[in-house]
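Please look through the structure shown here with an eye to its surface patches, its buried parts and the places where distant stretches of a chain come together. The notes that follow are grouped by topic.

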Amino acid sequence: MDALSLLWWIPALPFLGAAVNGLLVRNGQKGLVTFVGLAAPGASMLLGLTAIWQYATGLAPEPLRQAVYSWTVGEMSIDVAFRLDPLSAVMTFVVTVVGFLIHVYSVGYMGREEGYRRYFSFLNLFMGAMLLLVLGSNFLVMFVGWEGVGLCSYLLIGYYFDQEFPPEAGKKAFVVNRIGDFAFLVGMLALFASFGTLEFGEITERVLAAPEIAKAPYVFGLSLAGFVTLCLFIGAMGKSAQIPLYVWLPDAMAGPTPVSALIHAATMVTAGVYMVVRTNVLYQLAPEISLFVAGIGAATAIFAATIGLAQNDIKKVLAYSTVSQLGYMFLAAGVGAYVAAIFHLATHAFFKALLFLGSGSVIHAMGGEQDMQKMGGLRKHLPLTYPTYLIATLAIAGIPPLAGFFSKDEILAGAFAGHHHLIWGVGILTAGLTACYMFRSVYLTFHGSFRGSHEQEHHLHESPKVMTVPLVLLALGAVTAGWIGIPTGLWEMAGFADHNVLHHFLSPVIATLPGVDTGHHLSHSTELLLMLVSVAVALGGWLVAKRLWGGERGLAADRTFAERLPFVQRLLANKYYVDELYDRVIVRPLAGLARGCWKIVDTLLIDGALHVGAFVTELTGDLGRFSTTGNIRNYALYFFAGVLLLFWWMIF
Amino acid sequence: MELLAFVVFGLAALVSAIVVVAHRSPIHSTLSLVVTLVSTAALFLMLGSPFLAALQVLLYTGAILVLFLFVIMLLNVQRERTGAAARSPFQTWSALIAAFVLAGAVCRLLWDAHGEAVLAPLTEDFVALRNTASLLFRDYLLPFEMVGLLLLVAVVVASWVARRGGADSEEESR
Amino acid sequence: MSPETLAALAKMGLWLAFLINVAPIMLWVERRAPAFMQDRLGPNRVGPLGFFQGIADAAKFIFKEDIEPATADRGLYLLAPVLALVPCLTTYLVIPFGPDIEVAGRTMASVVIDSDSGIFVFLALASLGVYSLVLAGWASNNKWSLIGAIRASAQMISYELALTLAVVAALVPAGSLHLGRVVDYQIGERLFGFLPAWGVLVQPIGFLVFLVAMFAETNRLPFDLPEAESELVAGYHTEYGSIRFALFFMGEYMAMAVLSALAATLYFGGWSLPGVDLMQLPGVLPALVGFVILTVKVAIFMFLFVWVRWTFPRFRYDQLMRLGWKVLLPLALANLVYVAALAVGGKL
Amino acid sequence: MSVPISWYLLLAAALFAIGAIGALTRRNGIAIFLSIELMLNAANLTLAAYSRLLGDRAGQMVVFFVLAVAAAEAAVGLALFIGIFRLRRTIDVNRINLLRW
């Protein structure tokens with residue numbers, strides 16, 4: 001079977017599953033729901049893997065494009081087309097594999113929930129939308145997927161709609177995303193206005209052929225490339241939770257934990273990174289925006305990492321960790337290390353999904369409790385969850401030879417090579433902090449003695465196989481995912497041929513522009529030194545965490561910290577009061593403005609005009625109705641008068 | 001001779017028409033209308049249409065006005081009440097003025113159009129009933145049939161509307 | 001005075017002489033005939049066999065005190081009995097009573113109004129008969145009278161339909177509204193080669209309808225609901241006495257006579273007798289003999305009226321209406337269709 | 001002596017005006033009906049007169065149809081009055097003003 005010709009079925013299958021589960025199956029048919037809910041993304045995954053395999057082993061390095069339908073409005077024609085190239089192949093791989101594993105995990109985790117069918121319908125819908133996003137051949141299809149995942153995110157955050165907070169969080173996510181989406185739309189339309197097409201391939205070709213078009217001044221003192229990339233990046237800020245639009249992501253943890261793993265850690269939030277890399281040719285032509293991207297990424301990375309240090313909710317820790325790691329990815333993209341960004345995206349997908357699923361297992365065991373202050377010593381009770389969680393932590397901390405080490409190291413190397421030393425410094429500091437707060441969560445959760453209630457302790461149990469098997473598989477990925485991108489330098493130093501598979505695979509996607517300097521090459525010694533530094537920092541972070549929270553120490557360090565530096569502790573625990581700031585600066589003025597509009601524009605002007613109109617009409621009617629006396633003789637007289645008038649008119 | 005007949009029947013028609021309108025008793029109004037119609041029938045005869053004259057008497061006075069009388073007696077309609085409350089001077093005066101204006105204008109127009117023109121003598125052909133019949137049943141067959149249908153519908157509707165003890169009738173609840 | 005006018009006056013005089021005498025004679029018949037049927041004597045003091053009884057009754061009516069109800073609508077009260085005579089004193093004008101005759105070198109029709117519209121005029125004038133009943137009932141300001149008047153108007157309108165339809169069917173064979181042509185047709189044609197083509201033989205059902213409707217139109221038993229003495233005292237003429245009552249009385253008998261003449265004309269060959277050719281007679285004799293023949297036929301009908309009166313009981317009002325609308329009207333229509341089909345098929 | 005055609009027409013116009021006055025001023029529903037019949041009759045007279053003037057019997061046909069329609073109208077109208085009378089015990093149009101404002 002030629003999987004490549006069936007490309008469009010990859011996103012279509014999950015959509016089909018969502019439709020079947022959402023529209024045809026009844027609530028009670030749990031087995032059928034499970035079957036459809038797993039079969040659709042499973043088939044999609046198999047198809048996707050086959051297609052990637054066939055593409056990667058194929059002779060043609062050309063991107064594969066498949067148009068399904070042509071949407072024509074007037075003279076404008078946009079294809080509903082799919083594109084398989086190295087970048088979308090990597091993304092498809094991550095999305096389908098991680099997505100499918102999380103689907104399997106969900107069967108166990110969500111087994112006793114009320115809206116089981118709804119959940120799987122939405123989850124399939126998300127898979128479809130995400131695959132549409134990554135496989136779309138032009139901005140419009142991508143945008144449809146982009147909005148689709150936003151919708152699913154909203155639906156799934158607000159999954160527990162009978163509680164108070166989740167729907168609020170869903171709304172917040174949606175509204176914050178809208179801000180970014182709007183900018184995305186503006187950027188997209190600017191591209192369309194300039195090039196008359198939205199196809200990735202065509203735009204890249206045109207820009208490569210004539211870079212001066214993209215460099216020409218456009219608006220606000222920016223070049224076309226600058227304007228478009230800025231707009232797109234603002235879109236990415238929303239979707240990928242960068243400063244200042246990151247605030248929705250920690251709240252998004254109100255959704256079910258597998259949702260957090262899939263959408264708000266592994267896949268959807270990386271869409272922004274994917275999009276930036278997808279349009280790398282434009283970013284390369286807009287160095288100032290690239291630098292801005294890097295700066296935002298670095299700031300987000302360290303900012304979120306510091307907050308992560310002071311969080312007690314296990315999922316919040318992971319959420320801020322996600323924000324921080326996404327910052328890393330943008331840092332990479334900003335400094336021109338696009339492959340590193342995608343590399344980190346892929347490895348991160350595995351270990352972050354693993355972390356979330358592990359935390360889900362913990363929460364499952366704790367009967368819904370998420371506060372780490374009530375945990376401790378869980379490793380005895382969770383013999384499978386603990387090692388997998390630990391592996392993920394090691395991976396994210398950057399301990400070799402796990403996945404996180406290679407990707408993170410490549411980012412830092414990229415930053416250093418591009419002479420962005422300050423950014424590199426921030427990155428390395430963040431790496432230490434990451435190790436520190438991640439091990440804090442490990443120690444508080446699994447080590448020491450149990451701090452929860454007796455009931456909870458009695459209830460503790462390892463999760464069922466359907467949940468632990470995905471954990472193990474993901475752990476395998478977290479260990480090995482990095483090996484596809486072992487740096488060229490290491491291979492060379494070890495005397496082997498270059499086996500940096502990922503780099504070679506992705507290189508066709510990264511545009512090489514004349515006059516744009518991308519070839520920063522570090523000497524092998526520098527590269528090795530940088531690796532050692534980052535490993536040392538990671539180990540340092542781990543050791544600090546062990547000193548502070550390891551063993552039976554529990555929460556003592558937190559208390560000491562709060563006593564010694566109450567201001568800093570409160571600042572961190574309250575996430576720098578950003579939500580409050582936004583509330584004061586943006587939300588309330590907006591609400592006030594809206595209220596003003598309502599009172600003055602709507603009630604006074606619009607309603608007033610209507611009331612005046614209605615009053616006039618009513619008055620006319622009140623006066624006019626006296627002519628309808630109900631007395632037929634009056635009517636006859638009107639009639640007769642009319643006849644006379646007609647008569648007069650006809651004669652004279 | 002013809003002039004005498006016209007004066008007699010015309011005056012009869014006019015006077016009885018005024019009585020129709022002016023008399024307060026519906027019975028007297030109806031009977032005056034009978035006189036008007038019979039006079040008009042005579043005028044039809046003078047205008048060379050014995051068919052219309054006979055039809056006028058047969059249909060109008062013999063059937064329609066009998067129906068009026070029948071209904072008036074059935075409902076026992078009394079004379080119209082007089083008195084301030086029942087009067088509406090505006091209606092009355094405007095009606096009078098409008099009618100006089102109309103009549104005046106029409107009369108003026110007709111007089112201007114025809115003046116003292118006198119009719120040509122009647123021809124046998126015009127009066128012959130056979131010709132009238134062939135016109136009615138040949139050239140005007142479709143309207144004739146449609147009028148028949150109309151009358152059928154009217155009969156059905158009338159008997160339905162006026163039926164005793166209908167669902168919406170007060171009669172039944174008593 | 002023109003010869004035409006003179007001739008018309010003569011013809012009218014002939015008719016009036018006949019009609020004036022109908023009432024007194026019928027008074028006598030109405031009393032002697034039932035007496036004979038019931039095996040009793042009846043009036044036998046005034047004249048031979050009490051023959052002048054009618055004259056005595058008429059004298060009584062004329063000399064009785066004229067009483068008017070105080071609450072009556074006087075004008076209409078006085079008008080109504082006069083109107084009772086109007087239809088009968090006008091409708092005979094179109095009934096032929098003989099063949100065309102030659103008088104003083106002129107051909108003259110034995111009918112007062114020799115018009116194409118003949119029967120049309122008859123029906124139009126006959127339809128005015130209802131007014132006298134309605135006005136009498138209304139003007140009397142008496143509930144019995146009013147009920148009688150309402151009954152009369154409904155009854156006469158209802159049966160007029162059947163009557164008219166039967167008449168139309170009877171006209172179809174001759175193809176003319178002129179009654180003289182109808183009689184000519186009945187004289188000229190033969191059924192099966194030997195029977196006279198009298199209407200009654202061509203369309204017996206039409207005749208039956210006509211006969212029944214005729215009884216109803218004249219308010220005779222068994223259809224005398226408007227004056228049913230056992231229910232309404234005397235119906236529309238309850239409040240009438242003396243000469244005014246006599247006028248109603250005369251009107252009723254004259255209407256019977258005229259309708260009988262029409263029936264004879266439409267269905268029994270009118271003034272003709274099979275095998276008798278009046279044209280052989282000289283002068284005005286054909287007309288006079290024709291009139292006598294017609295009178296004999298009318299007399300037979302009149303006796304039928306009396307006979308039926310003393311034979312059948314009175315109908316109930318709803319039965320009357322049902323008979324009129326649901327039996328006679330469909331029958332008359334069916335008869336008309338039948339006759340029209342015969343005419344179109346060339347069988348007549 | 002012959003009568004000018006305009007006399008017939010003027011008579012018809014006068015009858016029509018009288019009928020109109022009646023239709024507009026009478027309060028009794030049946031009287032209004034009678035006035036309308038009067039107006040119809042006036043129109044019929046005009047038609048017959050013009051039929052005579054123009055020597056075209058089409059006018060007589062129209063009169064015939066007017067008569068037939070008048071019969072239908074009278075039947076339905078009087079039935080309506082009977083119905084109204086049953087409900088409201090009156091046929092005074094001043095008091096039959098259900099469709100009032």
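In this predicted model, a positive patch on the surface is formed by five residues of chain A, namely Arg379(A), Lys380(A), Lys546(A), Arg547(A) and Arg553(A). A patch of negative charge also occurs on the surface, and there Glu124(B) and Asp125(B) gather with Asp100(C), Asp114(C) and Asp116(C). A nonpolar patch of about 650 Å² is found on the surface as well, with Trp8(A) and Leu16(A) among its residues.

**Charged patches on the surface**

- Within the positive patch, which includes Arg379(A), this arginine can be located in the loop that runs between α16 (338–365) and α17 (385–397) of chain A.
- Arg379(A) has a relative accessible area of 41%, and because this value falls between the 20% and 50% cut-offs, Arg379(A) counts as partly exposed.
- The negative patch includes Asp100(C), and this residue is placed in the loop between α3 (74–91) and β1 (101–103) of chain C.
- Asp100(C) is likewise described as partly exposed, with a relative accessible area of 40%.

**The nonpolar patch**

- The residues that make up this patch of about 650 Å² are Trp8(A), Trp9(A), Leu16(A), Val68(A), Tyr69(A), Trp71(A) and Val73(A).
- Two elements of chain A, α1 (9–24) and β1 (64–73), each supply at least two residues of the patch, and the largest share, 4 residues, comes from β1(A).
- Leu16(A), which belongs to helix α1 of chain A, is partly exposed with a relative accessible area of 47%.

**Buried parts of chain A**

- Which helix of chain A has 8 of its 8 residues buried? This is α12 (residues 271–278), and because 8 of its 8 residues are buried, the helix is largely enclosed by the rest of the structure.
- The buried residues of α12(A) are Ala271(A), Gly272(A), Val273(A), Tyr274(A), Met275(A), Val276(A), Val277(A) and Arg278(A).
- Thr445(A), for its part, lies in helix α19 (residues 421–446) of chain A, and with a relative accessible area of 0% it is buried.
- The side chain of Thr445(A) also reaches the backbone oxygen of Ser441(A), at a distance of 2.6 Å.

**Residues far apart along the chain**

- Trp542(A) has its place in helix α24 (residues 524–549) of chain A, and its relative accessible area of 27% makes it partly exposed.
- Although Trp542(A) and Ile399(A) are 143 residues apart along the chain, their C-alpha atoms are separated by 9.8 Å.
- In chain C, Ala166(C) sits in helix α6 (residues 143–171), where it is buried, with a relative accessible area of 0%.
- Ala166(C) and Ala332(C) are 166 residues apart along the chain, and yet the separation between their C-alpha atoms is 5.6 Å.

**Chain B as a whole**

- How many helices and strands does the secondary structure of chain B contain? The secondary structure comes to 8 helices and 0 strands, and from the N terminus on the elements run α-α-α-α-α-α-α-α.
- Chain B has 174 residues, of which 45% count as buried, and the chain also takes part in the negative patch through Glu124(B) and Asp125(B).

Terms used: Residues numbered from 1 in each chain as written. Chains lettered and ligands numbered in written order. Predicted model: local features only at pLDDT ≥ 70, side-chain atom pairs only at ≥ 80, totals over all residues. Heavy atoms only, no water. Patch = residues over 30% accessible without salt bridge, like charges linked within 9 Å, V, L, I, M, F, W, Y side chains within 5 Å. Areas by Shrake-Rupley, 256 points an atom, 1.4 Å probe, with all protein chains shown as cover. Salt bridge = Lys/Arg side-chain N within 4 Å of Asp/Glu carboxyl O. Lys, Arg positive; Asp, Glu negative; His and termini not counted. Charge placed at Lys NZ, Arg CZ, Asp CG, Glu CD. Buried < 20%, exposed > 50% of the residue type's maximum accessible area, 1.4 Å probe, protein only. Polar contact = N/O pair within 3.5 Å; in protein donor to acceptor, adjacent residues only side chain to side chain.
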